[in-house]
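User: I am new to reading protein models, and I would like to learn how the terms are earned. Could you take me through this one?

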Amino acid sequence: MKAFAEAPCKAIITGEHFVVHGAWALAAAVERRVRVEACEAEELVIESDGHRSSDSSKKRLAPVAKVVTKISEELRFNPRVLIRIASQVPESSGLGSSAATMVAVALALTKLKGMDLGTSETSRYAMAGETAIHGRPSGIDINICATGGVIMDRMGEEAKKVRFAGSRRFLIVQSGTKRSTRTLIDRVSRMKLKYPGLFAGLANSASLISELAATRLVNGDMQELGRLLTYSHAVLSTVGASTPKLDRLVDLLLALGCYGAKLTGAGGGGSVFAIPREGSTDALIAELKSRGYESFQTNVPCEGVKSWLQ
Ligand code: MEV
């Protein structure tokens, strides 16, 4: 018997980085998924994109092993399992592939052992792996991959689901530059040390922007939401989360008619989140491809993690 789990990747709509320092952020699950397969084995083996580890100390797969060990110790079962991971998005692309992986691993493993974990337990176990990778993440990536849909999230509080009728269409453009979330969290945190008063003001305004953005999203006012995104990009750029290449990509998307665009996630490369004008998405994707950028459309809200036996 095998257990499977699939978790969506994510985009942060507003509030990234400031959420690490207590602000509200708005995040959405996106239509790219990580699939995890789990079955009984003679020892703990983790396979991911051609990497295989039967030695849990191997660096790349150690965070996944951490999740497996934590769950098996707390829930008292043997961790001799084979875990196979397949992701539709590359690592370090700002779309939360590590969070989606940890969430799907927690759910597939417990499903295999005959348990159905709730969202908060899934998130708690997944955090063990996420912390091992990113240092001190806020937990927003894990929360959105576990719940799906759209959430308002703040550290230390239960994520609030943002519900609305119908769906909204966004564009995600991959810059092609990989980066480390841990390094970027540290870089932005240094700005807080350097300019504490200014940073506190920006964190407050990030909370307000996230509230406004949630309202615009619910009302379907994509033009206004776009303005909030572009403004947020400028702020993130000011605190060191952007790069000249990302700034140029945002400018390009605006020049091509998008209502707004910004880096999403930690920045430093990764991906850009944009709002295309109605009816322009296919042409935009083709234009971006001709300029060397991979992009895809995602409908929001989309489903959270799910698991099944086969
Ligand atoms: C990464 O998707 C979002 C950051 O705010 C880090 C975090 O919240 O853990 C940059």
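Analyst: Happily! Let's begin with P301, which sits in the loop between β11 (294-300) and β12 (306-309). Keep in mind that this is a predicted model.

User: What makes the peptide bond from V300 to P301 cis?

Analyst: Look at its omega, which is near 5 degrees, and the bond is cis. Most peptide bonds are trans.

User: What is notable about the phi of H17?

Analyst: The phi of H17 is positive, about 70 degrees, although H17 is not a glycine. Most residues other than glycine have a negative phi. You will find H17 in the loop between β1 and β2 (25-40).

User: Which residues count as near the ligand, and how do you know?

Analyst: A residue counts if one of its heavy atoms lies within 4 Å of the molecule. There are 13 residues around the ligand, and K10, H17, P137, S138 and D141 come nearest. So H17 appears again here, as part of the ligand's surroundings by that 4 Å rule.

User: What makes the pairing of K10 with the ligand a polar contact?

Analyst: The cut-off for a pair of N or O atoms is 3.5 Å. In the side chain of K10, an N or O atom is 2.7 Å from an oxygen atom of the ligand, so the pair meets the cut-off. S138 also has a polar side-chain atom, 2.6 Å from a ligand oxygen. For D141, the distance from a side-chain N or O atom to an oxygen atom of the ligand is 2.9 Å.

User: How much of the ligand does the protein cover?

Analyst: On its own, the ligand has 300 Å² of accessible area, and the protein covers 97% of that.

User: Which elements give two or more residues to the shell around the ligand?

Analyst: Those are β1 and α4. By class, the shell has seven nonpolar, three polar and three charged residues.

User: How do you know which pocket the ligand sits in?

Analyst: The test is that more than half of the molecule's atoms lie within 2 Å of the grid points of the space. By that test, the space taken by the ligand is the largest pocket.

User: What can you tell me about the largest pocket?

Analyst: Its volume is about 840 Å³. Of the 45 residues that line the largest pocket, S98, E130, I133, H134 and T181 are the closest to its centre. Elements giving two or more residues to this lining include β1 (3-14), α3 (119-134) and α4 (140-147). The lining has 19 nonpolar, 16 polar and ten charged residues.

User: And what about the second largest pocket?

Analyst: The second largest pocket has a volume of about 350 Å³. Its lining is made of 17 residues, with S120, S123, N143, E158 and A159 nearest the centre. The largest share, four residues, comes from α3, while α3, α4 and β6 (150-153) each supply at least two. Sorted by class, the lining holds four nonpolar, eight polar and five charged residues.

User: Why is a space called a cavity rather than a pocket?

Analyst: It is called a cavity because a 1.4 Å probe fits inside but cannot get out, whereas a pocket is open. Counting those of 30 Å³ or more gives one cavity here. About 90 Å³ of space lies in the largest cavity.

User: Which elements each supply at least two residues of the lining of the largest cavity?

Analyst: They are α6 (196-219) and α7 (222-238). Among the lining residues are T14, E16, L202 and Y231. By class, the lining has seven nonpolar, four polar and one charged residues.

Conventions
Residues are numbered from 1 along each chain as its sequence is written. This is a predicted model: local features need pLDDT of at least 70, side-chain atom pairs count only at pLDDT 80 or more; totals for chains, interfaces and linings use all residues. Side-chain values use heavy atoms; hydrogens and water are left out. On a 1 Å grid over the protein atoms alone, a cavity is a set of points where a 1.4 Å probe fits but cannot get out, and a pocket is an open set with protein on both sides within 12 Å along at least five of seven lines; lining residues have an atom within 4 Å of a point. Grid points are joined across faces, edges and corners, and a volume is the space filled by probe spheres set on the points. Ala, Val, Leu, Ile, Met, Phe, Trp, Tyr, Cys and Pro count as nonpolar, Asp, Glu, Lys and Arg as charged, and the others, Gly among them, as polar. A polar contact is a pair of N or O atoms within 3.5 Å; within protein, one must be able to donate a hydrogen and the other to accept it, and residues adjacent in sequence count only if both atoms are side-chain atoms. Accessible areas come from the Shrake-Rupley method with a 1.4 Å probe; for residues, only the protein chains shown count as cover.
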